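Work through these short exercises with the model open. Each task is followed by its solution.

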Amino acid sequence: MAFVARLKPRVIGLRGRWPSQVHAPCRMYSLHPAHHTTPEHPLRVAVIGSGPAGFYTTYKLMAKIQGTKVDMYESLPVPFGLVRFGVAPDHPEVKNCQEKFEEVASSPDFNFIGNVSVGTKSDHPDGLTVPLASLFRHYNAIIFAYGAAQDRKLGIPGEDQLKGVYSAREFVGWYNGLPEHASLNPDLTQGDEAVVIGQGNVALDVARMLLEDVDVLRKTDIAAHALDTLSQSRVKRVHVVGRRGPMQAAFTIKEVRELMKLPDVSFHPIDTALLPADLKSLPRAPRRLMEMLAKGTTATSQSPSETSKSWSLDFCLTPKAFSSSSPDSTQGQLASTTFERTTLSPSPFDPNAYALPTGETLTLPSSVAFRSIGYKSTPLPEFSDINIPFDERRGIISNDGHGRVQHEERTRGAEMSHGSFPGLYCAGWVKTGPTGVIASTMENAFATADAIIEDWASRTTPFLNGDRKCHGWEGVRSEVLARGDEKRVVDWQGWRRIDEAEKQRGKESGRSREKFTRTGEMLNALG
């Protein structure tokens, strides 16, 4: 912290400078030790992102530091992030965490600021954008919890050119009604075989949506446009493909069990040589998963020839190219996917085994393919100007593992070390990468909250604007109004009106909810 504590505000250019050094309009704070919150000087926190990471961090922070005031910024008019737009519609029980989030939002110290993105570029024409620099001027702490908005790419021929190749992330957003993917409109009518590349839970969600009886999905809150498309789907056979084996796969037993139990859907046997012979010697979680795969492989109740649909887990295959039926394989409609077989070293039963190429290839017919190899966070547009480090390779904000945003600094001995930016924190996937489920996201968020609590209580850690009162959203809004921006901002009561309107739409069609899938529709529901 020695480097940070020596900083003094100066009138110089913004680019490449930490905010304590920016020009006069951005002289946003001086660095002083933190003090306990008081009614006159509460801890004011801006949370960027309204998904589980943002809400769980807020929950613990407000519970432990009484009087903390939190403004939560969300680029959409509606909250909850991946709980609303990432959880499969036939998993309503996973969304029960929204009840806790509603409890957090009921506090008079909480303020939801919807339809407002943070950054110098607007991603949605109907919403408001505020500069990150403005938040620095009006808060003691900023928590980046905006999740992962991109997905990792395969980098193989045909991936970006052929019709029928989709991102699983976009497909999930599309069937869950995420406005930015409402126009995806995947064509599922070109053939009866699909390939899902990746073997995580998202990949299995995609496979289940392709194979599930549409009449079952009609009872959920799946987007209406997705119901129409899935009802016309010709897909009957789904390959879920991974470059390693079952002992290294990222899916969990719950998702496999659901696919195994789908009516009139069979499972193709896997190579039993990839399953350990002595399952009893395995730890409980992998043992139960391997037992389920072994049971599915030897089951005789339903064979693929006796059911209308089927699926398989295809192991030890690395994708090499997408091809069309035309001579020029980079144009037209997807027809097949080519893979290279791999072998596992040092052993197929080692959970950390890595895949080695064999040179042998396999081509699977596929009229549609989904890339599901992981999500990726991206830096906010102003990070480079303010010199906030972002690890592009890992897709995370550089941090100390506890959520404190870090930078490199040179010591007096000319050696490089790490120091924390005062008042800047991160939580969720932008902190750790896209790993785990909602329960692990909660633990991750609580760890970030603990770091803030520890820093605030220590009285030695600098925070933003430590020597003067912060005005939070009121201060930011005054700057926005001064420049003439008057886009609609949605508060929590506004979200509740949207929520009620969606439930009413669902009631009229015999469903739990019918989501608005366009930002304009959400705003129109406010009247």
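Helices here are DSSP runs of H or I with at least four residues, numbered from the N terminus. The model is predicted.

**Exercise 1.** Place Asn444 in its element, then decide whether Asn444 is buried or exposed.

Step 1. Asn444 sits in helix α14, residues 438-458.
Step 2. Buried means under 20% relative accessible area.
Step 3. The relative accessible area of Asn444 is 12%, so Asn444 is buried.
Step 4. Leaving out residues up to four places away in sequence, Asn444 touches Ala427, Gly428, Lys431 and Thr432.

**Exercise 2.** Classify the aromatic pair of Phe171 and Phe370 and say what the pair ties together.

Step 1. Planes under 30 degrees apart count as stacked, over 60 as edge-to-face and the rest as tilted.
Step 2. The model holds 23 aromatic pairs.
Step 3. In the pair of Phe171 and Phe370, the centres are 4.6 Å apart and the planes 50 degrees, which is tilted.
Step 4. Phe171 belongs to helix α6 (residues 168-175) and Phe370 to strand β16 (residues 368-371), so the pair ties together parts 199 residues apart in sequence.
Step 5. Both Phe171 and Phe370 are buried.

**Exercise 3.** Do the same for Tyr375 and Trp429.

Step 1. The centre-to-centre distance is 5.6 Å and the angle between the planes is 80 degrees, making the pair of Tyr375 and Trp429 edge-to-face.
Step 2. Tyr375 is in strand β17 (residues 375-376) and Trp429 in helix α13 (residues 429-432); this pair links distant parts of the chain, 54 residues apart.
Step 3. Tyr375 has 10% relative accessibility, so Tyr375 counts as buried.
Step 4. Trp429, at a relative accessible area of 18%, is buried.

Terms used. Residues are numbered from 1 along each chain as its sequence is written. This is a predicted model: local features need pLDDT of at least 70, side-chain atom pairs count only at pLDDT 80 or more; totals for chains, interfaces and linings use all residues. Side-chain values use heavy atoms; hydrogens and water are left out. Rings of Phe, Tyr and Trp (its six-membered ring) pair if their centres lie within 6.5 Å; planes under 30 degrees apart count as stacked, over 60 as edge-to-face and the rest as tilted. Helices (H or I, at least four residues) and strands (E, at least two) are DSSP runs, numbered from the N terminus. Buried means under 20% relative accessible area, exposed over 50%, partly exposed in between (1.4 Å probe, protein chains only). Contact means heavy atoms within 4.5 Å.
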